[in-house]
Amino acid sequence: MDFNMDMFRLDGKVALVTGAVYGIGFEIARSLAAAGATIVFNNLSQQSVDEGISKYQAAGIEAKGYVCDVTDEEAVQSMVKQIKAEVGSIDILVNNAGIIKRTPMTEMSAGDFRQVVDVDLTAPFIVAKAVIPDMIEKGAGKIINICSMMSELGRETVSAYASAKGGLKMLTKNIASEYGQYNIQCNGIGPGYIATPQTAPLRELQEDGERHPFDQFIVGRTPAARWGETSDLAGPSVFLASPASDFVNGHILYVDGGILAYIGKQP
Ligand code: NAP
Ligand code: GCO
């Protein structure tokens, strides 16, 4: 195919973005819609799904929302079947839903560790497993797993999250390896530090009005010298969801302002 900008269009495609009521998922869904995709999303409660539908409508997007816990395989299988019946089979899957628990490892319960791995790693497996058969039948599909800088690096208190996101990097590569022959591309996006509710505790102003020490640390460690915004993920998401990336497979695209490339300023 000769290059033209239509390679970045998603018209006629159905995109499922999990946990996309706000934060990174909502922004990714909005960017895919702007490229022509039909958006479906899920969240944990009818209230949050209804809030999401209103937000999409306010953005001019007629999205359909489903109540579904991505860790519940039966519920996921049922949701995917319902989407196929009501909207159409899923062409693009963005495994976005995720949680984090910041606890020193020796103080973290095995249950909490398992819960983070369940949502951040097992659930992307469950949802991808549910959508791949229809993608094979269609002869094409795009899967984007939202990884993290913690797919590459660790830090204090995020042992469960880093373990899950490191596993998600390898799940991404394995799906790419196993299903690339069916014209399914599976890639990851590894956001750096993005300003969302998930990172709000790391950016809270101190009682003396000073910026959070972690906020100052991250800005100092990032060549772009700022936190990422959810809008920074829009272009990379459209690229990986579109025909423009049909020969990109098993790649983790880090959208991190350069932090993973940078050793840090000499004190
Ligand atoms: P967020 O603000 O915490 O939003 C996460 C969303 O996932 C929420 O809507 C949440 O629902 C939903 N969710 C959680 N567990 C779920 C489940 N079991 N089933 C269905 N939905 C579920 O997170 P974010 O910052 O936008 O991050 C989105 C993704 O990017 C996550 O995978 C995160 O690990 C990753 N990420 C974030 C950053 C960052 O700096 N923010 C950087 C790298 C990667 P509720 O509203 O009910 O809680
Ligand atoms: C943390 C942050 C990070 C970001 C992101 C970085 O506590 O270190 O929450 O984990 O969410 O994953 O890429």
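**Figure 1. Residues around ligand 2 in the predicted model.** In this predicted model, the surroundings of ligand 2 comprise 14 residues. Those that come nearest to ligand 2 are Arg102, Ser148, Arg155, Tyr161 and Tyr193. Sorted by class, the shell around ligand 2 consists of eight nonpolar, four polar and two charged residues.

**Figure 2. Polar contacts of ligand 2.** Arg155 places a polar side-chain atom 2.6 Å from an oxygen atom of ligand 2. A side-chain N or O atom of Gln198 lies 2.8 Å from an oxygen atom of the ligand. The backbone also takes part, with a polar backbone atom of Pro191 at 2.8 Å from an oxygen atom of ligand 2. On its own, ligand 2 has 330 Å² of accessible area, of which the protein covers 97%. The space that ligand 2 takes up is the largest pocket.

**Figure 3. Residues around ligand 1.** Ligand 1 is surrounded by 27 residues. The closest of these are Tyr22, Asn96, Tyr161, Ile194 and Thr196. Tyr161 is thus listed among the closest residues to ligand 1 and among those that come nearest to ligand 2. By class, the shell around ligand 1 is made up of 15 nonpolar, 10 polar and two charged residues.

**Figure 4. Polar contacts and pocket of ligand 1.** The side chain of Tyr161 has an N or O atom 2.7 Å from an oxygen atom of ligand 1. For Asn43, the separation between a polar side-chain atom and an oxygen atom of ligand 1 is 3.1 Å. Gly19 contributes through its backbone, with an N or O atom 3.4 Å from an oxygen atom of ligand 1. Of the 900 Å² of accessible area that ligand 1 has on its own, the protein covers 88%. The space taken by ligand 1 is the largest pocket, as is also stated for the space taken by ligand 2. Three elements give two or more residues to the shell around ligand 1, namely α1 (23-34), β2 (38-43) and α5 (159-179).

**Figure 5. Secondary structure and overall dimensions of the chain.** The chain contains seven helices and seven strands. Read from the N terminus, its elements follow the order β-α-β-α-β-α-β-α-β-α-β-α-α-β. The chain is as compact as a globular protein of its length, because its radius of gyration of 18 Å is close to the 18 Å given by the globule rule for 267 residues. The C-alpha trace spans about 55 × 45 × 40 Å along its principal axes.

Definitions and conventions
Residues numbered from 1 in each chain as written. Chains lettered and ligands numbered in written order. Predicted model: local features only at pLDDT ≥ 70, side-chain atom pairs only at ≥ 80, totals over all residues. Heavy atoms only, no water. Near = heavy atom within 4 Å. Polar contact = N/O pair within 3.5 Å; in protein donor to acceptor, adjacent residues only side chain to side chain. Areas by Shrake-Rupley, 256 points an atom, 1.4 Å probe, with all protein chains shown as cover. 1 Å grid on protein atoms, 1.4 Å probe; cavity = no way out; pocket = protein on both sides within 12 Å on 5 of 7 lines; lining within 4 Å. Sits in = over half its atoms within 2 Å of the grid points. Nonpolar A, V, L, I, M, F, W, Y, C, P; charged D, E, K, R; others polar. Helix = DSSP H or I, 4+ residues; strand = E, 2+ residues; numbered from the N terminus. Rg over C-alpha atoms; globule rule 2.2 N^0.38 Å.
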